[in-house]
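Take a moment with the sequence and the model before reading on. The paragraphs below go through the structure one part at a time.

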Amino acid sequence: FQVFNSKTAELLSHHQVEIKQEFPREGWVEQDPMEILQSVYECIEKTCEKLGQLNIDISNIKAIGVSNQRETTVVWDKLTGEPLYNAVVWLDLRTQSTVETLSKRIPGNNNFVKSKTGLPLSTYFSAVKLRWLLDNVTKVQKAVKEDRALFGTIDSWLIWSLTGGANGGVHCTDVTNASRTMLFNIHSLEWDKDLCEFFDIPMKILPNVRSSSEIYGLMKAGALEGVPISGCLGDQSAALVGQMCFQDGQAKNTYGTGCFLLCNTGRKCVFSDHGLLTTVAYKLGRDKPVYYALEGSVAIAGAVIRWLRDNLGIIKTSEEIEKLAKEVGTSYGCYFVPAFSGLYAPYWEPSARGIICGLTQFTNKCHVAFAALEAVCFQTREILDAMNRDCGIPLSHLQVDGGMTNNKILMQLQADILYIPVVKPSMPETTALGAAMAAGAAEGVGVWSLEPEDLSAVTMERFEPQINAEESEIRYSTWKKAVMKSMGWVTTQSSESGDPSIFCSLPLGFFIVSSMVMLIGARYISGQLLFKLDNFIS
């Protein structure tokens, strides 16, 4: 929860807590909706305490905006306010067989799903997650039958809960979040009857779709009771607004759990020929026009650092990655493709899985850490290349934001690999800023002007490329070779079953060991393997 001055866009205070992710089976990713809600209340209360210590009266807080990871899916009971299952997270892969079955029903010459939604049929989006819940969770089936079930992405769940929940909570979403469900027509800006029939989703459980900037309801509890909730933007749209990319052709890249490059295409839908999504950028008011964007989505960015911390244990905190990478200053030919959830843009290849390749006896955990940072940058290069081809005008620089941009080695690597300058605002949390701007600008609130002449100038840090273009291209072409090696690991059966006896669906850690066994098995001293593993782990 972050509080901004509406006149200067200065961050006054904030509080954050990490939300647990659960991995009940291979490829499954869940979160507890009640934990998410409690974390919001906790962050609000703690931030208000900090404001008090700064002698800032919390009655000065005039509006609240919500921003969220977009496709994560929740179904809850409108009578009790209880979730009927864990939130199925955007990264979750359990619906791959559903996607393959549905894709057979789309005519090759008439992809009506993509033409109406701007999205490819993928496990990424909410419709197939909701279909899974309706097919597999008895409590959800019963609640739908008894007219007790409500569906929403995380914004809907939070707004409904914060505005009263079972006692009159407002069941709504905004156009940016709705556009990621695969049930929303991005041209008419309405839930689409044909799409709901195709996915067999009952329309009565869907939230009302509103603009990204209007009063939805009032806070009903806590320190900010009575304050209007008046802004709602999916995280990547919020960052686009926070970076003030209001002009056609302006773009930003956000480094969070995943990596998301969005380019404002103005009031027209632009469809990609190179694996990008067409999505709603924002609609900043009930009577304001809708703006669209092209988006390149990378599933794993910050999540790879979390994986090195939580799964491999080679760092204790996420910040340590920069120190490890700095020790070596190179990956020494090691390449890391973190395709934990398959590959998103520009490939849309669900059969891919994570690999680390180019290992030698010299490779240690510092090289792997460096390769993990490079992987984020290479993936950004791939979606930037696709964006340049679709737009026809190459970006002269890249505006960046998100927590990972505090890592200076990452930012310098990004400039080197893109071979254009990377420009970072001094306050990188532009996602929260965008939600605050939308809330403050809403009709009936009116404390934040979005007129170009009133927008505050932001101080920027600039990273220039420091290697020659030839070296940049060699590293990038080797990365592309590694990406090709990551594809085709998983069949539908293995990803659905999560059976660890199937070689293809084993976690990445297995491949690190098995590749070394195969590599070193031909050598004559078994001690070399022990030395190699010690290098990597200790």
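**A walk through the model**

At the start of helix α1, a side-chain oxygen of Asp32 comes to within 2.9 Å of the backbone nitrogen of Met34. This is a predicted model, and α1 is a good place to enter it. The helix has 21 residues. From its first C-alpha to its last it reaches 31 Å, close to the 30 Å expected at 1.5 Å a residue. After α1 comes Asn55, whose phi is positive, near 60°.

Which residues of α1 are buried? They are Pro33, Ile36, Leu37, Ser39, Cys43, Ile44, Thr47, Cys48 and Leu51. These residues cover an arc of only 165° around the axis, so they sit on the same side of α1. Several elements help to cover them. Among them are the strands β1 (2–4), β2 (11–14) and β3 (30–31). The cover also includes β5 (73–77), β6 (87–88) and helix α6.

Now pick out one residue of this helix. Thr47 lies in α1, which spans residues 33–53. Is Thr47 buried or exposed? Its relative accessible area is 0%, so Thr47 is buried. Set aside its neighbours within four places in sequence. Thr47 is then in contact with Phe1, Val3, Ser13, His14 and His15. Within α1, a polar atom of the Thr47 side chain lies 2.6 Å from the backbone oxygen of Cys43. Gly234 is 187 residues away from Thr47 in sequence. In space the two are 22 Å apart, C-alpha to C-alpha.

Helix α2, residues 96–103, can be read in a similar way. Its buried residues are Gln96, Thr98, Val99 and Leu102. Seen down the axis of α2, they fall within an arc of 160°, so they line one face of the helix.

Next come the sheets. Strands of a sheet pair through backbone hydrogen bonds, either parallel or antiparallel. One open sheet has three strands, in the order β4-β13-β12, with mixed pairing. Its edge strands are β4 (64–68) and β12 (213–218), and each pairs on one side only. Neighbouring strands of this sheet are turned by 40° against each other on average, direction ignored. β4 pairs with β13, residues 228–234, in the parallel sense over five bridges. What is the bridge partner of Ile64 in β13? The partner is Ile229.

Two helices lie across strands of this sheet. Helix α6, residues 154–162, lies across β4, β12 and β13. It runs at about 145° to β4. Helix α9, residues 235–242, lies across β4 and β13. It runs at about 100° to β13. Recall that α6 is also included in what covers the buried residues of α1.

Another open sheet has seven strands. Their order is β16-β17-β15-β14-β20-β21-β22, and the pairing is mixed. The edge strands are β16 (277–282) and β22 (460–463), each pairing on one side only. Here neighbouring strands are turned by 30° against each other on average, direction ignored.

Look at β15 in this sheet, residues 259–266. How many of its eight residues are buried? Eight of the eight are. In a regular strand the side chains alternate between the two faces of the sheet. Both faces of β15 are covered. Cys259, Leu261, Cys263 and Thr265 are buried on one side. Phe260, Leu262, Asn264 and Gly266 are buried on the other.

β15 has two partners to trace. Strand β14, residues 251–255, pairs with β15 in the antiparallel sense over five bridges. A hairpin of three residues joins β14 to β15. Thr254 stands opposite Phe260 in β15. Strand β17, residues 291–298, also pairs with β15 in the antiparallel sense, over seven bridges. Here the bridge partner of Cys259 is Val298 in β17.

Move along the sheet to β22. Strand β21, residues 422–425, pairs with β22 in the antiparallel sense over four bridges. Lys424 stands opposite Glu461 in β22.

One last stop is helix α12, residues 365–391, which holds Ala375. Ala375 has a relative accessible area of 1%, so this residue is buried. Leaving aside its neighbours within four places in sequence, Ala375 is in contact with Phe336, Pro338 and Trp479. Val304 is 71 residues from Ala375 along the chain, and their C-alpha atoms are separated by 9.1 Å.

Terms used:
Residues are numbered from 1 along each chain as its sequence is written. This is a predicted model: local features need pLDDT of at least 70, side-chain atom pairs count only at pLDDT 80 or more; totals for chains, interfaces and linings use all residues. Side-chain values use heavy atoms; hydrogens and water are left out. Two strands pair if DSSP finds at least two bridges between them. Axes are lines fitted to C-alpha atoms, for helices over the stretch in contact, and angles run from 0 to 180 degrees between N-to-C directions. Contact means heavy atoms within 4.5 Å. Buried means under 20% relative accessible area, exposed over 50%, partly exposed in between (1.4 Å probe, protein chains only). A polar contact is a pair of N or O atoms within 3.5 Å; within protein, one must be able to donate a hydrogen and the other to accept it, and residues adjacent in sequence count only if both atoms are side-chain atoms. The expected span of a helix is 1.5 Å times one less than its number of residues. The arc is that of the directions from the helix axis to the C-beta atoms.
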